[in-house]
Amino acid sequence: MVSALAGIGGLIVALAALRAGGQPGSGVTSASPTPTPTVTVTESAAPSSRSRSRTPKPTVEEDPSTEPTGSACVMTPGECRLEKMLGSADLRNCRPAARPPAGAVAALDCTAVRSGPVHDPMIVLFRSDTDAATWVESYWWALHDGRDGNCATGASYKGNWVRGKLLCTLNGPYYAMSWTYTGQSVAMTAEAWTPQPLYAWWQGLSLLSD
């Protein structure tokens, strides 16, 4: 009787251990399984077209040498200075004189804007008023025919006008006028077939600039 009860008790203990998850006879309770960690993968959002950075366009610097230079003088400093003294309403297209006189600082041949001279007048810059007057008077000794009169009528004349020295005389087939501008050391000479158009042109000349 007692042995039967002991057998039943052992069976009850074995069933209890089996329900608890252990192996019969091990005496060890099985540990609960370790949970697998969850890995969350976050995808980066695609950049919006509005937030995309734009590469700035390279700045192109203009070469200053390509800018228009205007009407810059390309002659010598003395010739450029002389050209600036002339009135553009009277003379244009100035260039270095083909036959500059000795002792000249600068000499230009320029085209007359108004009718009068038959050749391009020559304008000469000297170092002094004395040099300019000497050059004009040299024409007198070479060309003068011994008469003294009115330039407007074609007679020869050697003397002064309100701004300097004045010479009018025949030069071969031409009537020539040469004059100076006292205080500016400038002299001019011009020729025409007849005296009247040349004299009228000379009277209409503008004053020289400083």
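**Exercise 1. In this predicted model, determine which way the side chains of strand 3 (residues 122–125) point and whether they are buried or exposed.**

Solution.
Step 1. In a regular strand, side chains alternate between the two faces of the sheet.
Step 2. Met122 and Val124 point one way from strand 3, while Ile123 and Leu125 point the other way.
Step 3. Buried means under 20% relative accessible area, and Met122, Ile123, Val124 and Leu125 are all buried.

**Exercise 2. Find the strands that pair with strand 3, and the residues that stand opposite Ile123.**

Solution.
Step 1. Strand 2 (residues 106–112) pairs with strand 3 in the antiparallel sense, over four bridges.
Step 2. Within this pairing, Ile123 is the bridge partner of Leu108.
Step 3. Strand 7 is also joined to strand 3 by four bridges, and the two run antiparallel.
Step 4. In strand 7, Met188 stands opposite Ile123.

**Exercise 3. Count the disulfides and give the handedness of each.**

Solution.
Step 1. A disulfide is a covalent bond between the sulfur atoms of two cysteines. The count here is three disulfides.
Step 2. Cys73 is joined to Cys80, with an S to S distance of 1.9 Å. The torsion about their S-S bond is about -90°, so this disulfide is left-handed. Cys73 is partly exposed at 32%, whereas Cys80 is buried at 13%.
Step 3. Cys94 is joined to Cys110, S to S 2.1 Å. This pair links distant parts of the chain, with Cys94 in strand 1 and Cys110 in strand 2, 16 residues apart. Here the torsion is about 115°, so the disulfide is right-handed. Cys94 is buried at 15%, and Cys110 is buried at 0%.
Step 4. The sulfur atoms of Cys151 and Cys168 are 1.9 Å apart in a disulfide. A torsion of about 95° makes this disulfide right-handed. Cys151 is buried at 4%, and Cys168 is buried at 0%.
Step 5. Counting bonded cysteines along the chain, the pattern is 1-2, 3-4, 5-6.

**Exercise 4. Locate Asn93 and Ser185, and state the sign of phi and the accessibility of each.**

Solution.
Step 1. Most residues other than glycine have a negative phi.
Step 2. Asn93 is not a glycine, yet has a positive phi of about 55°. Asn93 lies in strand 1 (residues 91–96). Its relative accessibility is 54%, so Asn93 counts as exposed.
Step 3. Ser185, also not a glycine, has a positive phi near 60°. Ser185 lies in the loop between strand 6 (174–181) and strand 7 (186–192). With a relative accessible area of 12%, Ser185 is buried.

Note on methods:
Residues are numbered from 1 along each chain as its sequence is written. This is a predicted model: local features need pLDDT of at least 70, side-chain atom pairs count only at pLDDT 80 or more; totals for chains, interfaces and linings use all residues. Side-chain values use heavy atoms; hydrogens and water are left out. Buried means under 20% relative accessible area, exposed over 50%, partly exposed in between (1.4 Å probe, protein chains only). Two strands pair if DSSP finds at least two bridges between them. A disulfide is a pair of cysteine sulfur atoms within 2.5 Å.
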